[in-house]
Amino acid sequence: MIRDILIHPDPRLKKLCEPIAQITPDIVQLAEDMLETMYDAPGVGLAAPQVGVNKRMFVMDCIKDGPPEPMVLINPEILWQSDVPHEYEEGCLSIPDIYSPITRPDAVRVAWTDLQGARCEHEFTGLWATCAQHEIDHLNGRLFIDNLGPLKRQMITRKMEKLKRERARAL
Ligand code: ZN
């Protein structure tokens, strides 16, 4: 089922998310719904708070050509980050049509639990590294525009408020 994606500004996007203690059927369903919602959008990553669920989980698939490689990361943690900065023009499904260059470490080692409850660890590079860091920020109530200066952030927030008013009127 495709879920509604929250649009910034929304208090639910600013909260610290809670760890997932147990992988229940509800969590499995949430993961499936989040992947479906991400592919439909389309996007390369989606975090649970973006669909209004205050839990530490995100999905991603950064394959642009070729067969899909859906990943579900539960309770992800960054174990190590590279010292090499990497700039990427980031966007966010909760901030539609806004893109801005953001600098982050070009590689990160992440530990997480998968949907089968197995502990996983992997070093991500390139777009995967950018996406993993962007999504983990969501779980800590942080958006990519929080890396921008206050004026630029305020301008984007006003644009999003206007977009939300227009969408509400169109319903
Ligand atoms: Zn995002």
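**View 1. H138 at the zinc ion: buried or exposed?** With a relative accessibility of just 2%, H138 counts as buried (buried is under 20% relative accessible area, exposed is over 50%, and partly exposed is in between, for a 1.4 Å probe and protein chains only). This is a predicted model, where local features need pLDDT of at least 70 and side-chain atom pairs count only at pLDDT 80 or more, while totals for chains, interfaces and linings use all residues. Residues are numbered from 1 along each chain as its sequence is written, and side-chain values use heavy atoms, with hydrogens and water left out. The zinc ion is held by C92 through SG, and by H134 and H138 through NE2, at 2.0 to 2.3 Å. Donors here are N, O and S atoms within 2.8 Å of the metal (3.2 Å for Na, K and Ca), and since water is not among the atoms, sites may look incomplete. Read along the chain, the donors are spaced C-x41-H-x3-H. C92 sits in strand β4 and H138 in helix α2 (residues 126-139), so this pair ties together parts that are 46 residues apart in sequence. Helices (H or I, at least four residues) and strands (E, at least two) are DSSP runs numbered from the N terminus. Like H138, which is buried, C92 is tucked away too: its relative accessible area is 10%, so it is buried.

**View 2. The largest pocket, with C92 again in the picture.** What lines this pocket? There are 23 lining residues, and G43, V44, G91, C92 and Y99 lie nearest the centre. Strands β4 and β5 and helix α2 are the elements that give two or more residues to the lining. The space inside comes to about 440 Å³. Sorted by class, the lining has 12 nonpolar, 6 polar and 5 charged residues. On a 1 Å grid over the protein atoms alone, a pocket is an open set of points where a 1.4 Å probe fits, with protein on both sides within 12 Å along at least five of seven lines; lining residues have an atom within 4 Å of a point. Points are joined across faces, edges and corners, and the volume is the space filled by probe spheres set on them. Ala, Val, Leu, Ile, Met, Phe, Trp, Tyr, Cys and Pro count as nonpolar, Asp, Glu, Lys and Arg as charged, and the others, Gly among them, as polar.

**View 3. The second largest pocket.** This one holds about 230 Å³ of space. D4, I5, I7, A41, L93, P96 and R167 make up its lining. By class that gives 5 nonpolar residues, 2 charged ones and no polar ones.

**View 4. Strands β4 and β5 side by side.** Strand β4 covers residues 85-92 and strand β5 covers residues 95-105; they run antiparallel, joined by 7 bridges (strands pair if DSSP finds at least two bridges between them). A hairpin of 2 residues takes the chain from β4 to β5. P85 faces P105 of β5. Look for D97 in β5 as well: this residue has a positive phi of about 65 degrees without being a glycine. D97 is out in the open, exposed at a relative accessible area of 69%.

**View 5. N75, another non-glycine with a positive phi.** The phi of N75 is about 50 degrees. N75 belongs to strand β3 (residues 71-81), and its relative accessible area of 19% makes it buried.

**View 6. Three aromatic rings in one cluster: W112, F124 and W128.** How many aromatic pairs are there? The count is 2, where rings of Phe, Tyr and Trp (its six-membered ring) pair if their centres lie within 6.5 Å, and planes under 30 degrees apart are stacked, over 60 edge-to-face and the rest tilted. W112 and F124 have ring centres 5.8 Å apart and planes at 35 degrees, so the pair is tilted. These two come from distant parts of the chain, 12 residues apart, with W112 in strand β6 (residues 107-113) and F124 in strand β7 (residues 119-125). F124 also partners W128: the centres are 6.4 Å apart and the planes at 20 degrees, so that pair is stacked. W112 and F124 are both buried, and W128 is buried as well.

**View 7. Two cis prolines, P9 and P42.** The peptide bond from H8 to P9 is cis, with omega near 0 degrees, and P9 lies in the segment before α1. A cis bond also links A41 to P42, with omega about -10 degrees. P42 falls in the loop between α1 and β1 (45-47).
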